[in-house]
Amino acid sequence: METKVRKRGVLEVLRGHLLAIVFFVFIFGFFIYGINSAEKSSAAESKNVLEENLHKAVVSCYSLEGAYPSNVQYLEDHYGLTYDKEKYAIGYVCFASNIMPDMQIIELGVEEEVSE
C-alpha cells in the first residue's frame, strides 16, 4: 500500500490557519493597547503625586516658619521633597514671603500637542 503525500503551498497552509492568525493579531494588539494605556495612567498619577507633595511641602514650610520658601532647593533640603529630576522640572516663582508661590510641574522629554 502506497501513501501519497501531497505538498501544500504556503498560501494553502496560511488559509488553513487564518482564523488562528487573525485571533493572535487581535489579542496581541489588545495587549499592546493595554500596556500603553497603563503607562499613560501611571505617568499622570506620578505627576499628580508630585504636585500634591510639592503643595504640602510649601504649606508646611509656611505654617512652621511663617514664610513661603524662596526656591525648590530649600524644600528639598529642609522638608524632604524628592522627585525625578530627569523626568520632571518644577517651575517655581515666589513673589513675596507671605504670598503663595506660583508652582508648575513640567514633564521633560514629553512634547505636548498644541491645538490652534
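Contact means heavy atoms within 4.5 Å. The model is predicted: local features need pLDDT of at least 70, side-chain atom pairs count only at pLDDT 80 or more, and totals for chains, interfaces and linings use all residues. Residues are numbered from 1 along each chain as its sequence is written, and side-chain values use heavy atoms, with hydrogens and water left out.

**Exercise 1. List what Leu 75 touches, leaving out residues up to four places away in sequence.**

Solution. Start with Leu 54, Ala 57, Val 58 and Cys 61. Then add Pro 69, Gly 80, Leu 81 and Tyr 92.

**Exercise 2. Find the secondary structure of the chain and its order.**

Solution. Step one: count three helices and two strands. Helices (H or I, at least four residues) and strands (E, at least two) are DSSP runs, numbered from the N terminus. Step two: read along the sequence to get α-α-α-β-β.

**Exercise 3. Describe how helix H2 meets helix H3.**

Solution. Step one: H2 covers residues 18-65 and H3 covers residues 72-79. Their axes come within 10 Å and cross at roughly 75°. Axes are lines fitted to C-alpha atoms, for helices over the stretch in contact, and angles run from 0 to 180 degrees between N-to-C directions.

Step two: H2 and H3 are therefore roughly perpendicular to each other (65 to 115 degrees; under 35 counts as roughly parallel, over 145 as roughly antiparallel, the rest as oblique).

Step three: name the contact residues. H2 brings Leu 54, Ala 57, Val 58, Ser 60, Cys 61, Leu 64 and Glu 65. H3 brings Tyr 74, Leu 75 and Tyr 79.

**Exercise 4. Describe the largest nonpolar core.**

Solution. Step one: a nonpolar core is a set of buried Ala, Val, Leu, Ile, Met, Phe, Trp, Tyr and Cys residues joined through side-chain atoms within 4.5 Å. Buried means under 20% relative accessible area, exposed over 50%, partly exposed in between (1.4 Å probe, protein chains only).

Step two: the largest core has 13 residues. Those with the most contacts inside it include Leu 54, Val 58 and Leu 75.

Step three: H2, H3 and strand E1 (88-93) each supply at least two residues of this core. H2 gives the most, with five.

**Exercise 5. Place Gly 9.**

Solution. Gly 9 lies in the segment before helix H1 (10-16). Gly 9 has a relative accessible area of 34%, so it is partly exposed. Its C-alpha atom is separated by 54 Å from that of Glu 86.
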